[in-house]
Protein chains: 2
Amino acid sequence: MRSDCPISYALDFFGDKWSLLVIRDLVFEGKSFFKEFQQSKEGIATNILSSRLKKLEASGIIESRVYPQLKTKKEYKLTAKGLDLIPVLVEMIAWSAKYQEGLAVHDDFLSKVEHDREAVIEVIRSRLVG
Amino acid sequence: MRSDCPISYALDFFGDKWSLLVIRDLVFEGKSFFKEFQQSKEGIATNILSSRLKKLEASGIIESRVYPQLKTKKEYKLTAKGLDLIPVLVEMIAWSAKYQEGLAVHDDFLSKVEHDREAVIEVIRSRLVG
DNA sequence: TTTACTAACTTGCAAAATGCAAGTGTACAA
DNA sequence: TTGTACACTTGCATTTTGCAAGTTAGTAAA
C-alpha cells in the first residue's frame with residue numbers, strides 16, 4: 001500500500017490496463033474461463049492474464065474453483081468485494097459514453113443511469129448473483 | 001484506442017498507477033502546481049509527473065496556463081471532462097472505505113454517499129467550479 | 001495403455017515503461 | 001550578474017509488459 005488514500009488503495013488493486021477488463025468480462029460478458037478472457041478483443045497475453053487472475057484472487061476480488069465437468073478448467077467468479085466494483089464500472093462507462101461517440105454502449109444507458117442509477121446497478125448485479 | 005469498449009476507452013486515459021492520483025490532488029487536495037503534485041505522499045517521479053500532465057492535457061481532462069504571478073509556474077485545472085470524473089472517484093473511495101479500515105476517509109462519507117450521492121458530488125464540484 | 005487433444009499456465013527473451021539522480025532553461029529578485 | 005525557484009529533460013538502471021514457444025495435467029478414444 002503506497003499511502004492511506006482510498007484512491008491509491010483502489011489503484012493498487014486495479015490501477016493498470018488489464019485488471020478492470022477482466023472484471024468487465026466477468027460482469028458484462030458472462031465470461032468465467034481463462035480462454036474466454038484471453039479471447040477478448042483487446043488481446044491480453046497469457047502470462048499477463050495469468051498474473052492478473054492470481055492478483056485479483058489474492059486480493060479477494062475474484063475466486064476460482066476447478067470446473068467439475070472438465071477438471072483442466074478453472075472457473076472464476078466475482079466475490080462480494082468484486083461485485084461492489086459494479087458502480088465504479090458504471091460510472092466509467094457513463095463518462096466514456098459522454099465524451100466519445102461510437103463506443104459499444106446502449107443508446108439508453110446514459111439516460112437509464114441518470115434516471116435510476118440504483119436500478120441499473122441492481123439489474124447487473126442480480127444477473128450475476130442470481 | 002484498444003477497442004470500442006467504454007471501460008477500455010477510460011483505461012486508455014487513466015489506466016495506470018499515477019494519472020488518477022493527479023486528478024485526486026486536483027479534486028480533493030486543492031493542488032494546481034507541478035511541485036504540489038510532486039509532494040504528494042505516494043512520491044511520483046518528476047519525469048512521470050511531467051508525462052502524465054502532458055497526457056492528461058492532451059486528453060482534454062486538464063488544462064494549464066502560465067501562472068501570472070510567477071511565470072516559471074504553470075497552473076493546472078480540470079476541464080469539464082475532468083470534473084466529470086468526480087463520480088468515478090467517489091465510487092472508488094466508497095469501495096475502498098468499505099473493504100479497508102484505516103484509510104483517510106471521513107467517518108460519515110459512506111453514509112453521506114449512500115444517503116445523497118448527488119449532493120456529495122455537487123459539493124465537491126462546486127468547490128472547484130464556483 | 002498409448003495417443004491425441006484441450007485448457008491453463010510457465011518460460012525465455014525482447015521491448016516498453018518506470019524510478020532515480022543529476023542537469024537544463026527560464027523568470028525573477030537582489 | 002549572481003542566486004534562486006520552478007518546471008521539465010536526460011541518462012541509465014530496474015521493473016513490467018508483450019510475444020512466441022513450450023510444459024503440465026485431465027480427458028477421451030483406439
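## Shared surface and symmetry

All of the interface residues of chain A, 100%, are also interface residues in chain B, so the copies meet through the same surface. This is a predicted model.

Chain A superposes on chain B by a rotation of 180°, with 0.0 Å of shift along the axis. The RMSD of that superposition is 0.1 Å. The two copies are thus related as by a two-fold rotation axis. Within chain A, Asp16(A) has the C-alpha nearest the axis. That atom is 2.3 Å from it.

## The interface between chains A and B

Contacts between the chains involve 37 residues of chain A and 37 residues of chain B. On the side of chain A, three helices each give two or more residues: H1 (6-14), H2 (19-28) and H6 (86-99). H6(A) has the largest share, with eleven residues.

What is the chemical make-up of the side of chain A that touches chain B? Its residues divide into 20 nonpolar, six polar and eleven charged.

## Helix H6 of chain A against helix H1 of chain B

Two packed helices are described by the angle between their axes and the distance between the axes. For H6(A) and H1(B), the axes come within 8 Å. They cross at roughly 80°. Angles of 65 to 115 degrees count as roughly perpendicular, and H6(A) and H1(B) are therefore roughly perpendicular to each other.

H6(A) makes this contact with Leu89(A), Met92(A), Ile93(A), Trp95(A), Ser96(A) and Ala97(A). H1(B) answers with Pro6(B), Ile7(B), Tyr9(B) and Ala10(B). By class, the contact has nine nonpolar residues, one polar residue and no charged residues.

## Helix H1 of chain A against helix H2 of chain B

How do the axes of H1(A) and H2(B) cross, and within what distance do they come? They come within 10 Å and cross at roughly 165°. Angles over 145 degrees count as roughly antiparallel, and H1(A) and H2(B) are therefore roughly antiparallel to each other. Their crossing is right-handed.

From H1(A), the contact residues are Ile7(A), Ser8(A) and Leu11(A). From H2(B), they are Leu20(B), Leu21(B) and Arg24(B). This contact of H1(A) with H2(B) comprises four nonpolar residues, one polar and one charged.

## Around DNA strand C

DNA strand C is surrounded by 19 residues. The closest are Phe33(A), Phe34(A), Lys35(A), Asn47(A) and Lys71(B). Both chains supply helices here: H3 (34-38) and H4 (46-58) of chain A, and H4 (46-58) of chain B, give two or more residues each.

Which helix gives the largest share of the surface near DNA strand C? It is H4(A), with four residues. By class, the surface near DNA strand C has six nonpolar, eight polar and five charged residues.

## Around DNA strand D

DNA strand D also has 19 residues around it. Here the closest are Lys71(A), Phe33(B), Phe34(B), Lys35(B) and Asn47(B). At least two residues of the surface near DNA strand D come from each of H4 of chain A, H3 (34-38) of chain B and H4 of chain B.

H4(B) gives the most to this surface, with four residues. The residues near DNA strand D divide into six nonpolar, eight polar and five charged.

Methods:
Residues are numbered from 1 along each chain as its sequence is written. Chains are lettered from A and ligands numbered from 1 in the order in which they are written. This is a predicted model: local features need pLDDT of at least 70, side-chain atom pairs count only at pLDDT 80 or more; totals for chains, interfaces and linings use all residues. Copies are superposed by least squares on the C-alpha atoms of residues with pLDDT of at least 70 in both. Two residues are in contact if their C-beta atoms, placed from the backbone, lie within 7 Å. A residue is near a molecule or strand if its C-beta atom, placed from the backbone, lies within 6 Å of it. Ala, Val, Leu, Ile, Met, Phe, Trp, Tyr, Cys and Pro count as nonpolar, Asp, Glu, Lys and Arg as charged, and the others, Gly among them, as polar. Axes are lines fitted to C-alpha atoms, for helices over the stretch in contact, and angles run from 0 to 180 degrees between N-to-C directions. Angles under 35 degrees count as roughly parallel, over 145 as roughly antiparallel, 65 to 115 as roughly perpendicular and the rest as oblique. A crossing is left-handed if the near helix is turned anticlockwise from the far one by less than a right angle, and right-handed if clockwise.
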